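Subject: Structure handover

Hi,

Here is the structure I promised to pass on. My notes follow below it.

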Amino acid sequence: MLNQISSHRLYSLLSSFIREIMNATEPDLLLDALMRIFQRFVDCEHIVVLDKDLNVKKIKGGNVEIDEELKKMVRWVASSHSPMSLPKQEMFVHIFPLVKAGKTLGVLLAWSREEIVVETSELLRTFAFLSAVVLENLELYSSLQRQHMVLEATKNYMQRILDSFPQHIAVFDQDSRIVFANKGYSLSSFGEDAVSRIIQLVQKTFLTGSRQTLEVEEGANFYSIVAEPVEYEGQPQVLLVITDVTNTKEVERLKAIDQLKTEFVANISHELKTPLAAIKAYAETILTSFEMFDQQTLNEFVQIIYKESQHLESILEGLLDFSKLEQKMLILEKTTFDLTGLVRETMRSVEELAKSKQVKLELLTKEPVLIRADQRRIRQVITNLLSNGIKYSKEDSQEKYVRVKIERKDDRVLIEVSDNGIGIPKEYHEKVFERFFRVGTVMDHRVEGTGLGLTIAKQIVELHGGRIWLESEPGVGTTIFVELPVGGER
Amino acid sequence: MKLEEIIAKVEELPTPDPIVQKIIAVASDPNASAKDLADVIKLDPSLSVRVLRLVNSAYYGLPRKIAQLSEAVMILGFKTVRNLALSVFTYSSLMRRKRSTIDHTALWKHFIGVAVASELMAQLVGYPNKEELFVAGLLHDIGKVTLEFVSPEMFAAVAKLTKTLKISFFEAEKKLNLPNHALISMKTIERWGLPELVSQACGGHHTPESFSESLYSDVISMIHVSDFFVNTINYGESYSYGGFVLSPYALNLLGLKPRMLTNYLKKLKEKLMTADEFLKIEQEAVS
């Protein structure tokens, strides 16, 4: 017969075919190899490969018409998975399905003038089946590659979006390694302490499995940090978002100061008005009814006027001090003096106020403690602390006191002013030293004061190179600590 | 009765007539052409007519009518046409024994059922040479016919046992100490000169695991699974009334998953509806 095959020829053809399909990296190359092997077995004038929807995919040997009848036969081959040789106008159309496990992936049509014998037909059918297996793999491979490209593009797209965020965004795995970060992410602007707090926050999120937040102040900037648990491929991860909220914080702070200033003006007006009203009323009384009063009454009235004007003066001095301190214009005039003596004197000056509130003043230190400092300013501080202790005593309690203890520790002096008054809630312990702040604005309006006393005291103490702080419990009492360097000569 | 004794009797069985033998020979010749095969079939006009009728039956569902045998050979392939000739022959030799106690029509239906199921199974698992599966499916139980030919009493005894005990034909044979029909099928087919693939597939169809070393172990497994399903859907009659076992070995070998089998069963039922022509080969052809 025409297309009889020797086994030697068969093996070499098989080897070539296997080599070609092994190297085929895309469906096109595979189909080329298949068409070539067909050509080697059968002298074909045309070869056409159709895809699974029976559209022409590849043509070899010039265009050829596929008429309606042939199409029907092709469909039959595709559904029955059986090859067919169709006699057609003095030629044969050999139709072979490319089948992989019950699925037709395409059809090969070969036009030849010769018939195909049983063995060749069986062989070509086997080649067609083999090709289908490889074809499917190649198609799967290229669809995987396409998917991969789409994924890559999506990833880049998302990365660009995330990069454009002003936030620092990062994702951590369980070993606290970064698995994703946007362009802006960096911890380099944070100090060691802040970095370790952030890492701890991430670890805490892993432990608790719930959202954690943190606020960090770094230099002049404020950061809001949110760590959120996420999951990727069944593994827990943590999404960290760091937002710079400095601007928001600054606005908040300015608003608070503005509010405090408004309160301060209202407060100070009230403070100024009280002594002024007294002065004005007594002066008017004297002016209109001077002859109706006896000497003693007049004397009392003038005393009141004098005292109130002194009070007025002290308020104004306070204001002046404050503005000097604010503008850093206050200059200390240091002399060496006995601190114990100064406290004793100051106590005497507030004795009357203490009596009116039934508060007992006690000085626990008897021996003199020498210190080099601005005597007038230190007195101002002590006055303020004593009068605060008296003013904020508990109204209905018995045995009210303000005690002062002075202790020398190496080159420093510690003054403790303690009372058993109303105390200060913990959240205000820092704030009482801030400008214009009065716990009273929050708690009590009955107590007079500018709200500047402790602020000024703090600034004076700090100007001396000292510290001021407090311990307090609401309803139990407050102790204010002032630590000053002994200063100068020792 | 021993296998040897039965085999000795098999020698007396009707062999395919010379024309069918020639058909088998031509279809197995690697260098045969369509014309060669057509020329042999044409020697028996009644066979030609019946083969052409099957070619144009709904089972093949060809888009156009085929009038010439040589055309049929080209379009459907050598082996399919050989299978049709063999079907006609098997049918005739089965129906010739009018006095038999077996319901030949029902047994023939079982043969065709397994033939169709096996060819479909080949398609399902991606085995290219599906025509050989058709003929193996067709002849897998031919041993039952042989047994009935050799000893109708023995056949009746087996049939009675399977019916009363609700066990398979294969188990009943074992209980009666008879050689199993699968082996008798194998011997019968060997005598007919069909390829080894066909004889072995039939010989092992009840015990695929004991043929694991065979060159054709996958084909054996396909016949086994197909036979099981045709029995379960009660298509025809195989003289087995229960005790059907599906070999896990066969399922594993073919990589068949339950979902695939459900799908297969659905397709099989559809395919069997188109196979009616095979059930009435003789009827019109006689006239």
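Are α1(A) and α2(A) roughly parallel or roughly antiparallel to each other? The axes of helix α1 (residues 7–23) of chain A and helix α2 (residues 27–41) of chain A cross at roughly 170° and come within 9 Å. The pair is therefore roughly antiparallel (angles over 145 degrees count as such, under 35 as roughly parallel). Axes are lines fitted to C-alpha atoms over the stretch in contact, and angles run from 0 to 180 degrees between N-to-C directions. Helices are DSSP runs of H or I with at least four residues, strands are E runs of at least two, and both are numbered from the N terminus.

Some ground rules. This is a predicted model: local features need pLDDT of at least 70, side-chain atom pairs count only at pLDDT 80 or more, and totals for chains, interfaces and linings use all residues. Residues are numbered from 1 along each chain as its sequence is written, chains are lettered from A and ligands numbered from 1 in the order in which they are written, and side-chain values use heavy atoms, without hydrogens and water.

**Chain A helix pair**

On the α1(A) side, the contact (heavy atoms within 4.5 Å) includes Leu13(A) and Phe17(A); on the α2(A) side, it includes Leu34(A) and Ile37(A). By class, that contact has nine nonpolar, one polar and four charged residues. Ala, Val, Leu, Ile, Met, Phe, Trp, Tyr, Cys and Pro count as nonpolar, Asp, Glu, Lys and Arg as charged, and the others, Gly among them, as polar.

**Chain B helix pair**

Helix α14 (residues 217–232) and helix α16 (residues 258–273) of chain B pack at about 65°, axes 11 Å apart. Val225(B), Ser226(B), Phe229(B) and Val230(B) of α14(B) meet Leu261(B), Tyr264(B), Leu265(B) and Leu268(B) of α16(B). Seven of these residues are nonpolar, one is polar and none is charged.

**Cavities**

There are two cavities of 30 Å³ or more. A cavity is a set of points on a 1 Å grid over the protein atoms alone where a 1.4 Å probe fits but cannot get out; lining residues have an atom within 4 Å of a point. Points are joined across faces, edges and corners, and volume is the space filled by probe spheres set on them.

The largest holds about 250 Å³. Its lining has 19 residues, with Pro83(A), Ser121(A), Met74(B), Gly77(B) and Phe78(B) nearest its centre. α4(A) gives the most, four residues. The lining divides into eleven nonpolar, three polar and five charged.

The second largest has about 40 Å³. Its lining includes His81(A), Arg125(A), Tyr127(B) and Lys130(B).

Best wishes

Notes. Angles under 35 degrees count as roughly parallel, over 145 as roughly antiparallel, 65 to 115 as roughly perpendicular and the rest as oblique. On a 1 Å grid over the protein atoms alone, a cavity is a set of points where a 1.4 Å probe fits but cannot get out, and a pocket is an open set with protein on both sides within 12 Å along at least five of seven lines; lining residues have an atom within 4 Å of a point.
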